[in-house]
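Hi,

Here is the structure I promised to pass on to you. Have a look at it first, and then read my notes below.

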Amino acid sequence: MIIKIGKANDNDYVVNDSHVSRHHAQLTRDVDGCLLLIDMDSANGTYVNGSRIAQKRVSPTDSVKLGDRYSLKLPEVLKSRNDYSEEFIALRGVYNKYIEQKVKIQSSNQFKTRVYQSLPFALTGLIGVSIGFMGKGNPVLWGVSLFVAVCAPVVGIYLGAKQSAKIPGQLQDLANRFKIDYVCPKCGTFLGEIPWESLINKKQCPVSSCKAKWVNE
């Protein structure tokens with residue numbers, strides 16, 4: 001990627017300022033994705049964070065001036081080429097986090113549901129063993145055992161069903177947040193549940209009115 005910057009109309013990024021040379025600077029991105037700003041022997045110089053440079057690696061947050069007064073905003077320069085590759089890279093974390101949380105919700109709720117449904121039956125068996133040790137024929141213990149044997153499974157089934165009912169709501173809340181975050185960084189179109197690794201192969205937004213570049217070549 002090479003973006004030519006200057007006052008002349010044949011530049012990729014045209015600057016209308018009398019202190020800026022016709023072909024003032026170039027912004028390039030190397031194979032590692034790093035940005036390199038090169039001064040093209042301009043009359044008034046190129047400055048990065050207050051220091052005049054011939055060429056220097058820069059980031060979008062650096063303060064850049066062309067000449068002694070024109071402030072160059074690197075994010076705007078990059079967008080002049082429809083370049084949204086940095087923002088698109090960040091979507092990888094959004095997708096991975098969504099999948100991790102989705103799996104966590106499903107596995108956690110399934111485990112809790114099984115515990116709620118199984119524990120009452122285990123409790124019933126434990127009480128039965130206890131009664132056997134404490135003596136047969138005790139009507140009070142027999143009554144307690146019968147009560148637990150009838151009620152415990154019912155309670156377990158109720159708690160298990162209640163826990164299962166939470167899953168759709170939690171997944172829906174997660175999906176709603178995902179639909180807000182997992183979008184084209186330019187046009188905001190939701191990208192679906194397509195894995196990030198598959199989207200990067202498309203290299204650009206499929207929306208015809210957008211075509212934002214997701215990958216710089």
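Let's start with two rings: Phe88 and Trp214 are both buried, where buried means under 20% relative accessible area, exposed means over 50% and partly exposed is in between (1.4 Å probe, protein chains only). Before you go further, keep in mind that this is a predicted model, in which local features need pLDDT of at least 70, side-chain atom pairs count only at pLDDT 80 or more, and totals for chains, interfaces and linings use all residues. Residues are numbered from 1 along each chain as its sequence is written, and side-chain values use heavy atoms, with hydrogens and water left out.

**Aromatic rings**

Rings of Phe, Tyr and Trp (for Trp, the six-membered ring) pair if their centres lie within 6.5 Å; planes under 30 degrees apart count as stacked, over 60 as edge-to-face and the rest as tilted. That rule gives seven aromatic pairs. One of them is Phe88 with Trp214, a stacked pair at 4.7 Å centre to centre with 5° between the planes. This pair links distant parts of the chain, 126 residues apart: Phe88 is in helix H2, and Trp214 is in the segment after helix H4 (196-199). Helices (H or I, at least four residues) and strands (E, at least two) are DSSP runs, numbered from the N terminus.

Tyr98 and Phe178 are also stacked, at 3.8 Å centre to centre and 10° between the planes. Here Tyr98 in helix H2 is linked to Phe178 in helix H3 (residues 139-181), 80 residues apart. Both Tyr98 and Phe178 are buried, and they belong to one aromatic cluster with Tyr95, Tyr182 and Phe190.

Which ring does the charged end of Lys79 sit over? The ring is that of Tyr84, with the charged end 4.8 Å from its centre. (For this to count, NZ of Lys or CZ of Arg must be within 6 Å of the ring centre and within 35 degrees of the ring normal.)

**Ser85**

Ser85 lies in helix H2 (residues 85-134). Ser85 counts as buried because its relative accessible area is 8%. Leaving aside neighbours within four places in sequence, Ser85 is in contact (heavy atoms within 4.5 Å) with Arg29, Lys213, Trp214, Val215 and Asn216. The side chains of Ser85 and Asp83 are joined by a polar contact of 2.8 Å. A polar contact is a pair of N or O atoms within 3.5 Å; within protein, one must be able to donate a hydrogen and the other to accept it, and residues adjacent in sequence count only if both atoms are side-chain atoms.

**The sheet**

Five strands make an open sheet with mixed pairing, in the order E2-E1-E3-E4-E7. Two strands pair if DSSP finds at least two bridges between them. At the edges are E2 and strand E7 (55-58), each pairing on one side only. Strand E1 (residues 2-6) pairs with strand E3 (residues 25-29) in the antiparallel sense over four bridges, and Lys4 stands opposite Gln26 in E3. With strand E2 (residues 13-14), E1 pairs in the parallel sense over two bridges.

**Loops**

Asp10 sits in the loop between E1 and E2, and the side chains of Asp10 and His23 make a polar contact of 3.0 Å. Another loop residue to find is Asp41, between strand E4 (35-39) and strand E5 (46-48). Asp41 has a positive phi of about 55° although it is not a glycine. Most residues other than glycine have a negative phi.
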